[in-house]
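I opened this entry to look up how the copies are arranged and what sits in the core. My notes follow the structure.

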There are 2 protein chains.
Amino acid sequence: MHDILVEEEVLAENERFARENRSHFVEKGIFVLNLVSSPGAGKTSLVERTLEALRERVRMAVIEGDLATDNDSRRIGRLGIPVRQITTGRACHLDAHMIHHCLDWIDEVAPRLLIIENVGNLVCPSDFYLGEDVVVTIISATEGDDKPLKYPFIFRKSKALVINKIDLLPYTDFSVEAVKGNALVVNPHLTFFELSCRTGEGLERWIDWVKEVAGL
Amino acid sequence: MHDILVEEEVLAENERFARENRSHFVEKGIFVLNLVSSPGAGKTSLVERTLEALRERVRMAVIEGDLATDNDSRRIGRLGIPVRQITTGRACHLDAHMIHHCLDWIDEVAPRLLIIENVGNLVCPSDFYLGEDVVVTIISATEGDDKPLKYPFIFRKSKALVINKIDLLPYTDFSVEAVKGNALVVNPHLTFFELSCRTGEGLERWIDWVKEVAGL
């Protein structure tokens, strides 16, 4: 009971910061995408492909969340896009307070589209609203098609599900139909994308969707 | 500061239950293996292969941790091995208290080897000692070879690192040498296994190791 009360306090504090972030983003006209997945499903690759496709069209910025290392922000930095690394230490998710600390930097770089790459974790990020417009979850075609049933909360919170690494489908037992069916059980409103960040297949539809939801 | 104190209390309570579990396991001569990985890296498949290989030799039991569904315990149940499902709801890891609740059941089924399949998460399980003998982490050859640097705590706590899905290596940019090098940076004592639960390649060495560490 004590634990639950404490958790509620933590979440209430998160909510407070998230709303402040939200007001800030709305006021500045920044569309915010919160990308979530297991470790290694391809979040950074999808960010890279998205930046490459949209860099001529719109100002963007990226926040990278990781327990340790700045590998991902260095990858993004190579593209010449403003990037901020949040190193969470032992924390298993980004929270709204961490994003709140980035607001001054966000104002400085003034993006129209802000992509937040969360810590690789299908569980904990689902509890922490950051003030984003949409959550997008990525699953890779090597992870097993029952994941939406086993980790339902993050799929329920997502607007879209990106099925990445479809170039590996011929070598796995993964069924795209099964993962979609399972995902729709927990969230009937999901939009699906099947793509490969490696080969580029299917990326165009994803980019079109980002432009549409972000009003770019 | 308040958050940190609360976390310390939670971990101190976990430690107390973990020590009770540990005493229990030692007293009953049960070797306990705590399996950790990202969602979809192949924990359940490795448990299945291990049970198949050792079922004639030794009594075993399995505890399955998942946020939702009993898919995995039904997979294990098909092999006729005693299995207990812990459904954690929103909790992102098993804790020692949950395992403590299983002690009566463990005594009933009296295994010599108990395999605990943790919730699919490379972050949170690293903080919660369950009273096990060894932690083994699984990474799949599709996840990216920098994961030990980005999620160092669980790799540091592990005795062995299983690199699964090596049948997919020809189709990815994953480097086994790089992942081993990165893993040794965070834990120089790791033992490595390269295998494919799908094709069976490399499983023999893993089974030999389990027999050796568990004294079977």
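I laid chain B on chain A and got an RMSD of 0.0 Å, with a turn of 180° and a shift of 0.0 Å along the axis; the fit is by least squares on the C-alpha atoms of residues with pLDDT of at least 70 in both copies. The two copies are thus related as by a two-fold rotation axis.

I note that this is a predicted model, in which local features need pLDDT of at least 70, side-chain atom pairs count only at pLDDT 80 or more, and totals for chains, interfaces and linings use all residues. Residues are numbered from 1 along each chain as its sequence is written, and chains are lettered from A in the order in which they are written.

Next, the interface. I found 34 residues from chain B and 34 residues from chain A in the contact (C-beta atoms, placed from the backbone, within 7 Å). On the side of chain B that touches chain A, the elements giving two or more residues are α1 (2-28), α6 (147-150) and α7 (152-157); helices are DSSP runs of H or I of at least four residues, strands runs of E of at least two, numbered from the N terminus. Of the interface residues of chain B, 100% are also interface residues in chain A, so the copies meet through the same surface.

Then I looked up Ile116(B), which lies in strand β4 (residues 113-117) of chain B. Ile116(B) is buried, with 26 other C-beta atoms within 10 Å (buried takes 20 or more). Its C-alpha atom is 6.0 Å from that of Leu33(B), 83 residues apart along the chain.

Terms used:
Two residues are in contact if their C-beta atoms, placed from the backbone, lie within 7 Å. A residue is buried if 20 or more other C-beta atoms lie within 10 Å of its own, exposed if 12 or fewer, and partly exposed in between; C-beta atoms are placed from the backbone.
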